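This report describes one protein chain from its coordinates. Please look at the model below before reading on.

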Amino acid sequence: MAAQPVPHPSTDKKRVKVYELRNGDWFDRGTGFCTAAFNISEAGQQRDPRVIVESEDHPDRVILNTRICKEDGFHKQPDTLIVWTDPGNGVDMALSFQEAEGCAMIWEFINGIQQQYHSVTAPDDGLSDDLAMDAPNAISLPPASMANLAEIESQMRGYSGTANGRDALTKYVLNEDLIGKLIPLVTDAEDLESLNDLHRLCNIMKIIILLNDTSIIEHAVSDECVIGVVGALEYDPDFPSHKANHRQWLEGEGRYKEVVRIEDSQILKKIHQTYRLQYLKDVVLARILDDNTFSVLNSLIFFNQVDIVQHLQSNATFLAELFNIFKSPQPDQRRKKEAVLFIQQCCAIAKNLQPPARQTLYNNFLAHGLLQVINFGLRHGDVAVRVGATDILVSMIDHDPQMIRSMIYRQLHEKQLPLTDSLIDLLLVEVDLGVKSQISDALKVLLDQSPPPQPEAFAKANGEYAVRAATRIPPNADPQQDNFLNSFYESSATKLFQPLINLQGRASMEFSVQQASMFTYLIEILCFFIRQHQHRSKFFVLNNDIVLRISQLLNCPEKFLKLVAVRFLRQLIGLQDEFYVKHVIEKKVIGPILDVLAKTMPRDNLLSSACLEFFEFIRKENIKELVKHIVENYRDKVQALAYLDLFRTFLIRYDQTGGFSANMDYFLEVDDEPRKRANIVNPKTGALMEHLAMDQAEEEYWNTSDDEDDLQTRPGNRLSSMNGESSGTKPLVDYASDEEGDENLEAGAISADEERQSGGLRKADESLRDVAPPPERLSEKRRREEDEEDDLSKMVQHKRRNSTSASSNASSVSGVLRKKKAISGARDAGGGPKKIAISLSPNLKSGNVQGHSRFDGEA
């Protein structure tokens with residue numbers, strides 16, 4: 001076999017962009033200089049052929065270093081593109097050259113290497129699949145004629161079933177210009193009205209396009225072939241009784257409108273080619289496309305769009321002529337409309353570009369006066385122009401909202417009408433719901449001050465979030481944004497929400513579809529403002545009586561408007577802001593919600609669920625002022641709904657607390673405040689937390705602020721006087737021994753003991769600060785004596801009160817002791833049986849007090 005000539009390496013560096021296909025989108029890996037050459041070994045021999053791209057910004061960094069191998073499948077697209085698939089990871093790659101000459105030089109080297117691979121004889125292996133590559137052109141098809149269409153279709157289906165057959169068929173189609181030979185047959189078959197031949201031509205065209213070759217697809221959408229190709233695809237055999245009208249659509253002269261003349265013929269050709277590729281992908285082949293062909297079509301469209309946008313944004317003369325249309329003293333409304341739609345298409349194409357290229361395009365547009373174009377489009381009478389202007393604005397906001405805010409800041413500084421006012425005017429008069437939705441979103445993004453603070457930002461201590469919201473230092477705000485918001489609330493906000501303000505005094509709540517949708521968007525925007533602009537929105541809501549106006553919508557016949565009103569009020573109470581809670585109570589807007597719930601409760605629907613969730617939130621979050629307001633002002637309505645546990649709970653808790661809802665806990669099972677405090681126990685000693693060491697101010701607070709204690713100590717004082725003992729001389733009752741305790745129990749003085757014990761406990765607590773702890777622990781000595789008791793004394797241990805049990809009683813729940821004391825006082829006052837007064841020796845009393853002092857000291 002003759003030796004193949006060695007391709008001459010391309011040593012000249014050509015400027016190129018490297019692209020990588022990620023998730024269906026082409027990702028720009030960077031710009032650099034490309035060379036194609038052999039890798040030289042240490043012995044000076046040429047080894048692996050490689051394509052290397054060095055970074056333009058950092059010459060030491062290599063963007064691409066790929067080896068040219070047989071499996072890569074390099075393909076050259078017209079002029080400046082080379083695409084291939086990396087066999088190592090299966091990623092599609094592409095090189096986009098700045099100049100066609102550089103692309104041709106690199107492709108000459110790559111093509112020479114690939115021809116060598118295809119011509120080399122494969123290893124002597126009968127099972128090798130590479131043998132079929134020795135003769136890729138060894139196929140032939142019958143001549144293209146009406147009589148041979150069935151045979152051509154059958155053979156092409158057979159070849160397209162294997163990879164080698166597809167490659168051979170691709171080369172045959174390109175070399176023999178099969179598409180050009182089949183196109184005249186479409187007209188002949190239509191003249192003969194041969195539907196079977198038209199169906200065969202359609203199948204043949206599908207097979208050719210699905211070969212997934214870029215050269216074939218570009219040839220199919222060229223000026224000389226596109227009409228014939230889509231004409232054959234109009235007769236789909238899957239729909240034999242239907243015929244498409246692709247040729248009529250593509251032949252329409254009015255489809256392409258040149259607002260400003262484009263002088264570059266190559267760019268003009270790519271514009272037409274891109275439009276046809278998109279039509280082919282989205283309409284003609286939408287049902288039969290496979291993933292590979294879909295990827296090829298997207299790649300061709302993407303690279304064409306990149307070239308078109310780069311040409312337009314770098315052509316200063318073109319941009320100046322385009323934007324001068326809106327500055328002309330002789331306005332041409334038709335040309336202005338087409339200019340807005342042209343810019344809309346440019347922004348739609350820019351969405352597929354990389355962020356740097358998109359940013360450059362938007363900056364060039366803004367520098368030439370894009371905001372003036374948007375203002376013109378938003379106020380235009382044609383809905384298509386308004387939609388186009390809105391799309392332009394939304395595209396730029398999605399890319400970088402701060403860029404649009406900067407332009408608004410400049411407008412305010414120059415005393416011009418800001419863009420937000422144009423959006424407000426359009427929102428109030430627009431009838432297209434899609435445009436309203438886009439304007440609503442645009443206003444929220446432009447007026448977004450900053451993200452709200454996260455709950456995790458608060459410190460957490462002892463299982464509870466520390467209350468630092470009021471003292472937390474807010475993040476530094478942008479002074480320009482503050483100035484913008486101040487200006488907005490001074491003038492624009494009133495104009496925006498004027499339809500809501502105008503509801504005052506209106507009797508009929510029937511609205512048109514446009515008015516109802518407007519209220520929906522306005523309340524949605526208002527909810528956003530309340531969350532983001534806390535202080536400004538509070539003043540605005542209060543000054544314009546917004547809550548009462550929105551509550552009027554609860555009387556509308558449309559349920560969705562009632563839902564909007566309920567959602568707004570739910571937003572207010574959901575903030576749990578004292579200002580809004582008091583404002584809702586003052587305006588008495590909860591009554592209409594109860595009315596709506598009463599009317600809809602027989603049926604379970606979204607409206608009743610929203611109302612129930614409103615009240616369930618009040619119950620769950622224990623908003624006491626609202627519960628008190630509901631029961632006191634709407635008790636009859638609540639009783640009518642008392643068959644629901646939610647409202648029955650409102651009534652029961654309110655009646656139990658006697659209306660003191662501001663100082664009571666509704667939804668916890670409690671008897672009194674002392675018992676709640678008694679549940680807080682020191683985990684080490686078991687003593688009450690109130691008995692821990694406190695400073696003088698805190699001790700005086702607990703001794704003087706509890707009115708309940710003062711009321712309950714009076715029966716104990718009277719009891720002590722009845723028994724002939726002074727409360728000052730009997731600080732605590734205790735038992736010196738088990739025998740004396742048994743005698744007291746047998747005498748029936750249990751209640752008297754408890755009374756003196758609880759009554760003396762208070763005096764003992766007051767004198768604890770003045771009593772020094774004794775040097776000896778009598779309680780430990782008595783415990784040792786207890787351990788020596790016999791079994792009989794242990795059986796009656798629960799009846800005996802020794803000093804240790806007295807000490808533990810001193811640390812028991814204070815609320816329980818008070819209740820027992822109150823019961824004893826009431827029993828004495830009611831003329832019950834007399835109690836036996838027990839006099840103890842002074843030494844026992846002092847020992848008892850010392851025991852308590854030690855106990856409290858240990859706690």
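The text below covers the overall make-up, the salt bridges, one helix pair and one glutamine.

This is a predicted model, in which local features need pLDDT of at least 70 and side-chain atom pairs count only at pLDDT 80 or more, while totals for chains, interfaces and linings use all residues. Residues are numbered from 1 along each chain as its sequence is written, and side-chain values use heavy atoms, with hydrogens and water left out.

**Overall make-up**

The chain has 40 helices and nine strands; these are DSSP runs numbered from the N terminus, helices being H or I of at least four residues and strands E of at least two. Of the 859 residues in the chain, 45% are buried. Buried means under 20% relative accessible area, exposed means over 50%, and partly exposed lies in between (1.4 Å probe, protein chains only). Among contacts (heavy atoms within 4.5 Å) with a separation of 6 or more, 67% come from residues 24 or more positions apart.

**Salt bridges**

The structure holds 36 salt bridges, each defined as a side-chain nitrogen of Lys or Arg within 4 Å of a carboxyl oxygen of Asp or Glu. Three of them are listed here.

| Pair | N to O distance | Separation in sequence |
|---|---|---|
| Asp223 and Arg276 | 2.5 Å | 53 residues |
| Asp236 and Arg287 | 2.5 Å | 51 residues |
| Lys637 and Asp595 | 3.1 Å | 42 residues |

Asp223 sits in the loop between α6 (214-220) and α7 (226-232), and Arg276 belongs to helix α9 (residues 265-284), so their salt bridge ties together parts that are 53 residues apart in sequence. Asp223 is exposed, at 57% relative accessible area, whereas Arg276 counts as buried at 19%.

In the pair of Asp236 and Arg287, Asp236 comes from the loop between α7 and α8 (246-250), and Arg287 from the loop between α9 and α10 (291-314). Asp236 is buried, with a relative accessible area of 13%, and Arg287 is partly exposed, with 47%.

Lys637 lies in helix α29 (residues 635-640) and Asp595 in helix α26 (residues 590-600), so this pair also links distant parts of the chain. Lys637 is partly exposed at 31% relative accessible area, and Asp595 is partly exposed at 32%.

Glu190, Glu234, Lys243 and Arg247 are linked in a network of salt bridges.

**Helices α19 and α22**

Two packed helices are described by the angle between their axes and the distance between the axes. Helix α19 (residues 479-496) packs against helix α22 (residues 534-544) at an angle of about 15 degrees, and their axes are 11 Å apart. The axes are lines fitted to C-alpha atoms over the stretch in contact, and angles run from 0 to 180 degrees between N-to-C directions. The two helices are therefore roughly parallel to each other.

On the α19 side, the contact is made by Asp482, Leu485, Asn486, Tyr489, Ala493 and Thr494, which meet Arg536, Ser537 and Phe540 in α22. By class, the residues of this contact divide into four nonpolar, three polar and two charged. Here Ala, Val, Leu, Ile, Met, Phe, Trp, Tyr, Cys and Pro count as nonpolar, Asp, Glu, Lys and Arg as charged, and the others, Gly among them, as polar.

**Gln411**

Gln411 is in helix α16 (residues 401-413) and counts as buried at 6% relative accessibility. Leaving out residues up to four places away in sequence, Gln411 touches Leu371, Asn375, Gln416, Leu417, Pro418 and Leu419.

Notes: Parallel < 35°, antiparallel > 145°, perpendicular 65-115°, else oblique.
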